[in-house]
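The following briefing concerns charged side-chain pairs and a nonpolar patch on the surface of a predicted model. Please consult the sequence and the structure shown here.

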Amino acid sequence: MPWNKQSSLLLQITIFFSITLSSVILLAANSLKEQGLRIEADGIRGKIGEQALAEGSVSLEQGTIQLRAASMHIDWDEKDISLVTATGSPVKIEKTMGPNMPSVTARSEKVIFYPLDQILILIGKANLKQDENTFVGHEIHYDLVTGELKAISGKENNKRVEIMWNSDDGVGKH
């Protein structure tokens with residue numbers, strides 16, 4: 001394709017939107033990180049700043065994210081909480097998306113949460129739902145900043161990944 005003014009303009013527009021979108025995602029990620037992280041439980045033991053175990057009706061809150069579980073193993077990376085592994089029957093997550101947008105809710109047997117990266121990994125009977133739309137699989141990876149997800153089937157029981165999508169115009173609704 002010969003290089004012309006249209007190609008140049010298209011490239012400039014593409015670069016502009018890529019930089020703008022990257023900046024918005026980075027600002028959203030930084031905003032969530034700066035909000036701090038709060039954990040409550042019936043009991044917490046361990047060495048704060050290194051590793052700790054929170055047990056008994058544990059709740060974690062960071063900005064618009066809420067995570068509830070029977071127990072959470074907490075790991076620090078220098079000064080920040082870098083990894084939270086939550087277990088329960090089930091672990092429950094809710095993320096408020098914003099005004100006039102439905103919340104994202106999820107549940108699974110185990111959740112691995114990377115607060116600095118804003119990544120959730122749901123393992124075991126994983127279910128993620130927003131509005132009337134649901135993703136089900138053995139394992140779901142979900143980026144809280146970009147909204148990207150990856151669902152993985154359970155190989156041990158021949159379960160497949162399932163998406164139940166309901167559009168506003170009624171297509172797909174039962």
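In this predicted model, Glu40 and Arg38 form a salt bridge whose closest N and O atoms are 2.2 Å apart. Arg38 and Glu40 also belong, together with Glu61, to a network of salt bridges. The structure holds five salt bridges.

**The Arg38, Glu40 and Glu61 network**

- Glu40 has a relative accessible area of 39% and is partly exposed, because that value falls between the 20% limit for buried residues and the 50% limit for exposed ones.
- Arg38 is likewise partly exposed, at a relative accessible area of 43%.
- The network of salt bridges that includes Arg38 and Glu40 has Glu61 as a further member.

**The pair Arg45 and Glu55**

- A salt bridge joins Arg45 to Glu55, with 3.4 Å between the closest N and O atoms.
- This pair links distant parts of the chain, 10 residues apart: Arg45 is in strand β2 (residues 43–47), and Glu55 is in strand β3 (residues 51–62).
- Arg45 counts as exposed, with a relative accessibility of 53%, whereas Glu55 is partly exposed, with a relative accessible area of 35%.

**The pair Lys125 and Glu109**

- Lys125 and Glu109 form a salt bridge in which the closest N and O atoms lie 3.9 Å apart.
- Because Lys125 lies in strand β7 (residues 119–130) and Glu109 in strand β6 (residues 104–114), the pair ties together parts that are 16 residues apart in sequence.
- Is Lys125 buried or exposed? Lys125 counts as exposed, at 68% relative accessibility.
- Its partner Glu109 is partly exposed, and the relative accessible area of Glu109 is 40%.

**The nonpolar surface patch**

- Which residues make the nonpolar surface patch? Val161, Ile163 and Trp165 make this patch, which covers about 320 Å².
- Trp165 is found in the segment after β10 (162–164).
- Trp165 has a relative accessibility of 52% and therefore counts as exposed, the cut-off for that class being over 50%.
- Trp165 can join such a patch in terms of accessibility because its value of 52% meets the requirement of over 30% relative accessible area.

Methods: Residues numbered from 1 in each chain as written. Predicted model: local features only at pLDDT ≥ 70, side-chain atom pairs only at ≥ 80, totals over all residues. Heavy atoms only, no water. Salt bridge = Lys/Arg side-chain N within 4 Å of Asp/Glu carboxyl O. Buried < 20%, exposed > 50% of the residue type's maximum accessible area, 1.4 Å probe, protein only. Helix = DSSP H or I, 4+ residues; strand = E, 2+ residues; numbered from the N terminus. Patch = residues over 30% accessible without salt bridge, like charges linked within 9 Å, V, L, I, M, F, W, Y side chains within 5 Å. Areas by Shrake-Rupley, 256 points an atom, 1.4 Å probe, with all protein chains shown as cover.
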